[in-house]
Amino acid sequence: MDFLNALVALSNFVLIPAIAYGSQLALGALGVTLIYGILRFSNFAHGDTMAFGAMITVLVTWWMQSHGIHLGPLPTALLALPFGVLGCMALVLVTDRAVYRFYREQKAKPVILVIVSMGVMFIMNGLVRFIIGPNDQNFADGTRFLISARDFKKMTGLDEGLAIKSTQALTVVVAVICVALLFWFLNRTRTGKSMRAYSDNEDLALLSGINPERVVMYTWLIVAALATTAGVLYGLDKSFKPFVYFQLLLPIFASAIVGGLGSPLGAIAGGFVIAFSEVTVTYAWKKVLGYLAPEGMSPDGLLQLLSTDYKFAVSFVILLIVLLFKPTGLFKGKAV
């Protein structure tokens, strides 16, 4: 029984949160890796792009809630998500036309585009905070738990209860659907094949008659959809706070680089590597080891390697190690 209690505690505080968090990072990292692989620069404004799309979704969700529109046990944000995606698509297309297009035409070096994206990042961050405010915003509704700890204890008779939040289950399901649709689009559609060809060899793709502006447009549209979805799922699972999305830029970039920058499959794998690393290192293992340790030998301390306040430091350390020893990442993306 103690082993089962330890397994439940591990699932409750490490496995399930890490899987949900990893799904959110994977969607964010996919956007980063698409921009790097196709547009050939690292977009530092990606975190605030997520925040903008999520902000539109939050505002529309509040409007729907005030008019009695809801989805019953599911979050109303799912109904508002398409509006957030459309708003984010409009933002990135306007930004590309007003800012990035000029530097593409000038054949600017990638480092110039990186610096430009940092300027765009600060503008987006200020815009989001000006519109919705800098504080935590709660927009989640519907059923809170798929299974509660109390019900689990009654069903199993264990001392430890397993709680699965509805938002965690929803995150995994939506992430799987988004990834499946993305890979189908890239591998099965003519536009997706054009994007892959443009990424592999720009000159050869242009000689083949591929329209570069169309490839750029579709890339931004896909990135906007992924960013908004990731931002909304993160906001539902935790809460929406604009500055948090700025901080998420580090684990998202770490996920993309660990997996292999430019590799969609690597972005997904990197997201879960970073998520499990952060959750594992910052979890207090006293409860789990207390079940497994022999009687009378339970640990006294929390057995926590790092405080949760330093979880982003884990991403930073992993990022440094990968850049030093394997810059192409796990799936051999483009060297950083």
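Reader: Why does H1 count as largely enclosed by the rest of the structure?

Author: Of the 38 residues of H1, 29 are buried, so the helix is largely enclosed by the rest of the structure. Buried means under 20% relative accessible area, exposed means over 50%, and partly exposed lies in between, with a 1.4 Å probe and protein chains only. Helices are DSSP runs of H or I with at least four residues, numbered from the N terminus. This is a predicted model, in which local features need pLDDT of at least 70 and side-chain atom pairs count only at pLDDT 80 or more, while totals for chains, interfaces and linings use all residues. Residues are numbered from 1 along each chain as its sequence is written, and side-chain values use heavy atoms, leaving out hydrogens and water.

Reader: How is the length of H1 checked, and where does the helix bend?

Author: The expected span of a helix is 1.5 Å times one less than its number of residues. For H1 this gives 56 Å, and the end C-alpha atoms are 53 Å apart, which agrees. The bend, taken as the angle between axes fitted to the seven residues ending at a residue and the seven starting there, is about 45 degrees at serine 11.

Reader: What follows H1?

Author: Arginine 40 follows H1, in the loop between H1 and helix H2 (46–66). Its phi is near 65 degrees, a positive value in a residue other than glycine. Arginine 40 counts as partly exposed, at 26% relative accessibility. Lysine 107 also has a positive phi, of about 55 degrees, although it is not a glycine. Lysine 107 sits in the loop between H3 and helix H4 (110–132) and is exposed, with a relative accessible area of 66%.

Reader: Which helices cover the buried residues of H12?

Author: The cover includes helix H1 (2–39), helix H6 (166–188), helix H11 (249–259) and helix H14 (311–325); a contact here means heavy atoms within 4.5 Å. H12 itself (residues 264–282) has 19 residues and reaches 28 Å from its first C-alpha to its last, close to the 27 Å expected. Among its buried residues are Gly266, Gly270, Gly271, Ile274 and Glu278.

Reader: How should threonine 95 be read: is it buried or exposed?

Author: Threonine 95 counts as buried, at 12% relative accessibility. Its place is in helix H3 (residues 77–105). In a helix, residues three or four places apart point the same way, because an α-helix has 3.6 residues a turn. The side chain of threonine 95 reaches the backbone oxygen of leucine 91 at 2.8 Å. That is judged as a polar contact: a pair of N or O atoms within 3.5 Å, where within protein one must be able to donate a hydrogen and the other to accept it, and residues adjacent in sequence count only if both atoms are side-chain atoms. Not counting residues up to four places away in sequence, threonine 95 touches Tyr100, Val120 and Met124.

Reader: How many aromatic pairs does a search of the whole structure find?

Author: A pair of aromatic rings is described by the distance of the centres and the angle of the planes. Rings of Phe, Tyr and Trp (its six-membered ring) pair if their centres lie within 6.5 Å; planes under 30 degrees apart count as stacked, over 60 as edge-to-face and the rest as tilted. The search finds 9 aromatic pairs. One of them, tyrosine 100 with tryptophan 220, is stacked, at 5.5 Å centre to centre and 15 degrees between the planes. This pair links distant parts of the chain, with tyrosine 100 in helix H3 and tryptophan 220 in helix H9 (residues 212–237), 120 residues apart. Tyrosine 100 counts as buried at 2% relative accessibility, and tryptophan 220 does at 3%. Tyrosine 234 and tyrosine 245 form an edge-to-face pair, 5.8 Å centre to centre with 70 degrees between the planes. Tyrosine 234 belongs to helix H9 and tyrosine 245 to helix H10, 11 residues apart, and both are buried. Ring pairs also link Phe13, Tyr283 and Trp285 into a cluster.

Reader: Why is there no bond between cysteine 88 and cysteine 178?

Author: A disulfide is a pair of cysteine sulfur atoms within 2.5 Å. The sulfur of cysteine 88 is 13 Å from the closest cysteine sulfur, in cysteine 178, which is too far for a bond. The count of disulfides comes to 0. Cysteine 88 is buried, with a relative accessible area of 0%, and cysteine 178 is buried at 18%.

Conventions
Helices (H or I, at least four residues) and strands (E, at least two) are DSSP runs, numbered from the N terminus.
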